[in-house]
Amino acid sequence: MKDFSIGSRLSNADLIGINKCFSPVEKTYKRGEIITICSSDNDTIGIIASGTAYLSTNNNEDQRRILNYYETGDIFGMHFIPQSESKAFYIIAKTNCTIICIKYKNFITCCKNSCDKHNSYIDSLIMLSVKKHLMHIDILSQRSLRSKLISFFEYLKTEKNKSTFILPLPLADLADYLAVDRSAMMREIKNLNDECIIKSDKRRITIL
């Protein structure tokens, strides 16, 4: 199995030690497969080694809602989302995915030596997860569809550190992520283009 050096700047020696600490297992999933159901008895967390996955649920009208998206280096699991007895949360592969699976106990208890590199890796993954959830909350709290779009684009601009970037979700999925009507969203994107606020070509966005 490959070392899960995703998003890190650790040396090979550090990575070998951390892999021994975590006892990870690598699994692959095809596009559209459910990777896991987030339930209270699920003690496994996952780190995306490659591909894209969604944290999803359905509302009372059986409409899909995308609560988060995960790309290379992101972490997911029941321990990182609110528990709810009335809703089922699941992780689904948007593309073919390779997932590094780790028992939560192995992840948080660290090794006998409590190595600093291990702790730093845990901190960086958890902070990344918290940051993405807070970003989504902030976007959804915007009062207008336009503000939701612009807020999301600004977050991506900051994250990528450039004004032109590729959306991490297809436009149909973006509507579910923003919890808006797709047709209305497409009209607003056209308005933003017409007003020279952005320039878009499918998933390619440039903030002007």
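Let me begin with a single residue, Val-130, which counts as partly exposed because its relative accessibility is 38%, a value that lies between the 20% below which a residue is called buried and the 50% above which it is called exposed. I should say straight away that what we are looking at is a predicted model, so please hear every value as computed from that model.

As for where this valine sits, Val-130 belongs to helix H3, which covers residues 116–140. Together with Leu-134 and Ile-137, Val-130 makes a nonpolar patch on the surface, with an area of about 280 Å².

Let me turn to a second helix, H4, which runs over residues 145–160 and contains Glu-154. Is Glu-154 buried or exposed, or does it fall in between? With a relative accessible area of 34%, Glu-154 is partly exposed. There is also a spatial relation to mention here, in that Glu-154 and Ile-207 are separated by 53 residues in sequence, while their C-alpha atoms are 8.1 Å apart in space.

That brings me to the chain as a whole. Taking the contacts in the protein chain with a separation of 6 or more, 71% of them are between residues 24 or more positions apart. The protein chain has 6 helices and 11 strands, and of its 208 residues, 41% are buried. Finally, on the surface side, the protein chain exposes about 11600 Å², of which carbon and sulfur atoms supply 49%.

Technical notes. Residues are numbered from 1 along each chain as its sequence is written. This is a predicted model: local features need pLDDT of at least 70, side-chain atom pairs count only at pLDDT 80 or more; totals for chains, interfaces and linings use all residues. Side-chain values use heavy atoms; hydrogens and water are left out. Helices (H or I, at least four residues) and strands (E, at least two) are DSSP runs, numbered from the N terminus. Buried means under 20% relative accessible area, exposed over 50%, partly exposed in between (1.4 Å probe, protein chains only). Contact means heavy atoms within 4.5 Å. Accessible areas come from the Shrake-Rupley method with a 1.4 Å probe; for residues, only the protein chains shown count as cover. Patches are made of residues with over 30% relative accessible area and no salt bridge: like charges are joined within 9 Å, nonpolar side chains (Val, Leu, Ile, Met, Phe, Trp, Tyr) within 5 Å. A salt bridge is a side-chain nitrogen of Lys or Arg within 4 Å of a carboxyl oxygen of Asp or Glu.
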